[in-house]
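Here are a few exercises to work through with the model open in your viewer. Try each task before you read its solution.

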Amino acid sequence: MAEARDQLDTFRAEARAWLEQNFPKSLVGRAGEYMVVEGDVRIEGDALAWRQRLGEKGWGTPTWPREYGGGGLTQLEARVLQEEMAAVGAFNPIPMLAGMGVTMVGPTILEYGTEDQKQRHLPGIARGEVRWCLGYSEPNAGSDLASLATKAEDKGDYWEINGQKIWTSGADISDWCGALVRTDSKVAKRDGISFVMLTMHQPGVRTRPIKLISGASPFCETFFDNARAEKTDLLGKLNDGWTVGKRLLQHERASQTGGNPAGGGRAEPLQDMAKRYVGTDDEGRLADPDLRVRLANHLMSAKAHGLTLSRIAAEARGKQQVTAAASILKNSATSVAQTRSELTLEIMGHQGVGWDGDEFSGEEIQTVRTWLFGKAMSIYGGSYEVQNNIISKNILGLPETTQKG
Amino acid sequence: MAALTEEQTMLKDQAKAWVSEQAPVAAFRKVRDSGVAACFAAETWAGMVDLGWTGILVPEVYGGSGMGYLTMGILLEETGRHLTASPLVASALVGATALLQGGSDAQKSAWLPKVVDGSAILTLAVDEGPKHAPESVALRAERAGSGYRLTGTKTFVLEGGAATLLVVAARTAGKPGETAGITLFLVPADARGVTRTALRTSDCRGYANIAFDGVEVGADAVLGTVDGGWAVLEATLDRARAGIAAEMLGTAAEAFDMTLNYLKTRVQFGQVIGSFQALGHRAAELFTEMELARSCVEGALQSIDANAKDVAQMCSLAKCKAGAFLFNMSNQLIQIHGGIGMTDEYDAGFYLKRARAVEAIYGGQAYHRNRYAILHGF
Ligand SMILES: Cc1cc2nc3c(=O)[nH]c(=O)nc-3n(C[C@H](O)[C@H](O)[C@H](O)COP(=O)(O)OP(=O)(O)OC[C@H]3O[C@@H](n4cnc5c(N)ncnc54)[C@H](O)[C@@H]3O)c2cc1C
């Protein structure tokens with residue numbers, strides 16, 4: 001124990017010193033500019049230098065093995081690194097720059113990829129140079145993903161891909177795509193799917209951005225028209241794409257539920273913002289008693305979610321049953337985040353409907369955009385209803401209905 | 001579950017086995033039907049004493065095991081599951097806590113060993129009206145010779161009928177509504193001037209209203225400091241809230257298990273009713289609420305054991321979240337059981353009645369939401 005703690009302290013000092021030397025002070029407080037989920041971010045000057053240094057060190061993907069461009073750190077060391085970065089106002093832009101690369105595709109390649117695939121694909125992701133998107137959903141295959149129809153045909157030395165994907169986040173700015181495709185249409189739906197990786201920079205791939213209710217266009221329709229994927233870019237076994245693809249979605253859920261849905265990195269606690277907009281009574285209580293109750297309820301739910309994350313982490317260390325409680329995290333995180341947005345909007349009143357212009361503060365406009373974009377949380381990554389199906393079937397063991405109509 | 005030590009895991013297993021064999025809901029039903037005044041069976045209580053449960057919070061020097069609040073919570077969750085009737089909460093949790101928080105060495109030496117061996121049953125007498133409002137204490141304690149004279153009435157005192165020693169919150173200065181001027185007294189339940197009226201409640205737990213008509217006690221009856229009892233009272237109430245939240249979690253978790261079992265066995269339209277998505281989703285949502293409530297309850301108990309700064313917030317959070325889940329769960333228990341849930345012969349009704357009664361103890365959801373907001377500065 002004590003030895004482990006000493007090692008961590010040594011690492012902490014090392015991380016601190018490295019950050020001191022390498023993180024450009026000019027970027028302090030500018031994380032927001034580089035951490036946006038929506039859209040393309042130009043990265044240049046100090047930010048570019050910072051990305052390169054971080055990438056070379058492997059600390060953009062701190063727990064990945066060193067031989068594939070990662071930092072080779074333990075989970076605990078990675079946590080320390082995160083703390084030290086936060087302490088000096090540093091941030092890690094690489095996960096955002098790599099699209100789905102760091103959070104989802106990379107971990108899946110680490111698990112299922114061949115040595116050649118790891119060598120070719122992981123270092124680019126780790127440096128934040130290669131951006132990935134995910135081609136799962138299709139117009140007729142949403143929650144029922146297994147009914148996807150995009151086809152891959154064996155052309156001897158390559159796969160030829162034809163079909164349409166939709167809601168492909170970042171497709172128009174991505175370099176590579178991880179796609180689920182049908183490689184056998186004669187077997188049961190789930191047994192004829194494969195996971196292929198293909199470059200987006202080829203004539204057979206076309207993207208058309210779709211505008212969201214938040215005004216941004218973070219996703220696209222993606223058309224594959226005799227597109228080509230190399231034989232060496234099948235991830236996992238042929239017709240085993242359902243397993244690989246589902247594993248990848250678990251990484252997606254992990255990345256969505258691990259954060260702090262209530263904090264959002266904003267410095268001002270929501271109750272302080274509420275007091276600023278709504279005012280207080282003689283005893284210092286929020287002047288709107290109805291809002292006050294709902295705000296208290298929300299803070300409690302956010303706390304309960306945070307406590308559940310810590311409990312699951314503690315149980316995982318103690319090796320008790322982990323999975324049961326973990327199944328609730330996606331819906332819990334989603335409802336905390338969405339409620340927070342709704343309350344923020346309500347707190348702002350008329351100022352909380354701004355779209356544009358000098359009459360609204362940047363914070364107010366951002367709140368509206370965040371609120372709108374946040375509605376997606378209960379749709380993607382397994383919708384709210386699909387999560388409840390998973391809990392009721394897989395965790396609680398309730399059977400599927402046979403009722404018709 | 002929180003990551004438990006080996007000792008805690010053993011205790012949990014032992015408690016699970018003992019409660020389901022010795023003190024199941026059937027035993028509770030028997031107590032109710034027989035109309036025992038104390039609302040618990042003497043042998044159940046004796047069994048708990050034998051198992052050492054009354055000494056979980058009491059340090060070894062006073063004859064207990066000093067295992068702490070998370071351990072106490074583990075036991076209360078199990079007794080909550082089966083609605084096991086006993087003064088465990090009132091005496092071994094709340095009474096022991098009051099002594100530990102405010103007692104002098106002499107008071108602790110005199111009473112803690114008796115809490116442990118069951119020869120004394122303690123309880124806290126705090127509320128005076130239909131709502132939990134500890135700062136509203138109005139029961140007067142006036143100087144009388146070297147001691148005090150107590151006059152006033154306490155309501156809904158948990159195990160007030162069976163208790164032998166009352167921890168009474170009285171006003172020695174200031175006005176009701178002020179936290180300063182409250183003093184705690186240890187008053188033998190058989191003191192002259194104490195009149196107890198047993199309450200018959202829907203949940204069939206032991207409660208009493210207690211009138212104090214010029215009850216005289218010595219100066220050594222003061223627990224903690226004169227006029228400064230609030231800190232001890234609040235610390236005691238918070239630990240009581242976390243403990244009772246653990247009991248509520250157990251009650252609700254059992255209601256969940258009963259419901260899930262029914263979803264898997266009751267057949268309508270040619271299939272088990274749990275296959276209907278409307279009910280499957282309801283079960284999933286209740287499960288989600290249960291896991292979140294569990295994190296709050298265990299978190300509060302752990303923060304008490306760690307003597308953390310946020311004990312007050314955490315205990316209000318735990319009582320509120322366990323309360324909200326138990327409220328929903330007890331309603332769904334009845335609804336999903338259909339007609340059979342409405343019958344007295346079936347146990348579901350016991351859980352519903354207990355749910356509402358325990359909600360009111362030491363502050364309901366509204367009380368704790370308000371407190372949580374105040375503690376967060378708004
Ligand atoms: C912002 C955003 C980003 C996205 N990014 C990507 C991406 O990068 N790559 C990608 O492949 N996809 C992406 N998606 C697509 C996403 O995965 C799908 O939207 C999702 O799977 C739901 O499919 P759908 O939109 O077709 O809705 P549908 O499946 O048609 O669902 C419609 C409604 O029916 C409900 N429903 C469906 N099935 C059931 C059931 N069995 N029981 C109960 N209710 C049910 C749903 O919960 C929902 O309320 C993204 C979506 C959004 C909003």
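## Cavities, helices and domains

**Exercise 1.** Work out which helices of chain B each supply at least two residues of the lining of the largest cavity.

*Solution.* The two helices are α4 (69-81) and α5 (88-102) of chain B. Keep in mind that this is a predicted model.

- Start with the count: there are four cavities of 30 Å³ or more.
- Next, take the largest cavity, which holds about 70 Å³ of space.
- Now list its lining: B:M48, B:T79, B:G80, B:L83, B:T84, B:S86, B:L88, B:V89, B:R205, B:E247 and B:R354.
- Finally, sort that lining by class, and you get four nonpolar, four polar and three charged residues.

**Exercise 2.** Check the length of helix α9 (residues 311-337) of chain B against the expected span, and decide how enclosed the helix is.

*Solution.*

- Count the residues: α9(B) has 27, which should span 39 Å at 1.5 Å a residue.
- Compare with the model, where the end C-alpha atoms lie 38 Å apart, so the two values agree.
- For burial, the cut-off is under 20% relative accessible area. In α9(B), 21 of the 27 residues pass, so the rest of the structure largely encloses this helix.
- Step just past the helix and you meet B:G338, which has a positive phi of about 60°.

**Exercise 3.** Do the same for helix α13 (residues 362-374) of chain A, then find what its buried residues pack against.

*Solution.*

- With 13 residues, α13(A) reaches 18 Å from first C-alpha to last, close to the 18 Å expected.
- The buried residues of α13(A) are A:E364, A:I365, A:T367, A:V368, A:L372, A:F373 and A:G374.
- Their packing partners are α9 (270-278) and α12 (329-348) of chain A.

**Exercise 4.** Is A:L307 buried or exposed, and which residues does A:L307 contact beyond its neighbours within four places in sequence?

*Solution.*

- Locate A:L307 first: it sits in helix α10 (residues 289-318) of chain A.
- A:L307 has a relative accessible area of 16%. The cut-off for buried is under 20%, so A:L307 counts as buried.
- With those sequence neighbours set aside, A:L307 touches B:S295, B:C296, B:M314 and B:L317.

**Exercise 5.** Find how many residues of domain 1 of chain B are in contact with domain 3 of chain B.

*Solution.*

- Set the bounds from the domain assignment: domain 1 (6-118), domain 2 (124-228) and domain 3 (231-375) of chain B.
- Between the C-alpha centres of domain 1 and domain 3 of chain B there are 21 Å.
- Across that pair, 21 residues of domain 1 of chain B contact 30 residues of domain 3 of chain B.

Terms used
Residues numbered from 1 in each chain as written. Chains lettered and ligands numbered in written order. Predicted model: local features only at pLDDT ≥ 70, side-chain atom pairs only at ≥ 80, totals over all residues. Heavy atoms only, no water. 1 Å grid on protein atoms, 1.4 Å probe; cavity = no way out; pocket = protein on both sides within 12 Å on 5 of 7 lines; lining within 4 Å. Points joined across faces, edges and corners; volume = space filled by probe spheres on them. Helix = DSSP H or I, 4+ residues; strand = E, 2+ residues; numbered from the N terminus. Nonpolar A, V, L, I, M, F, W, Y, C, P; charged D, E, K, R; others polar. Expected span 1.5 Å × (residues − 1). Buried < 20%, exposed > 50% of the residue type's maximum accessible area, 1.4 Å probe, protein only. Contact = heavy atoms within 4.5 Å. Domains from an automatic or database assignment.
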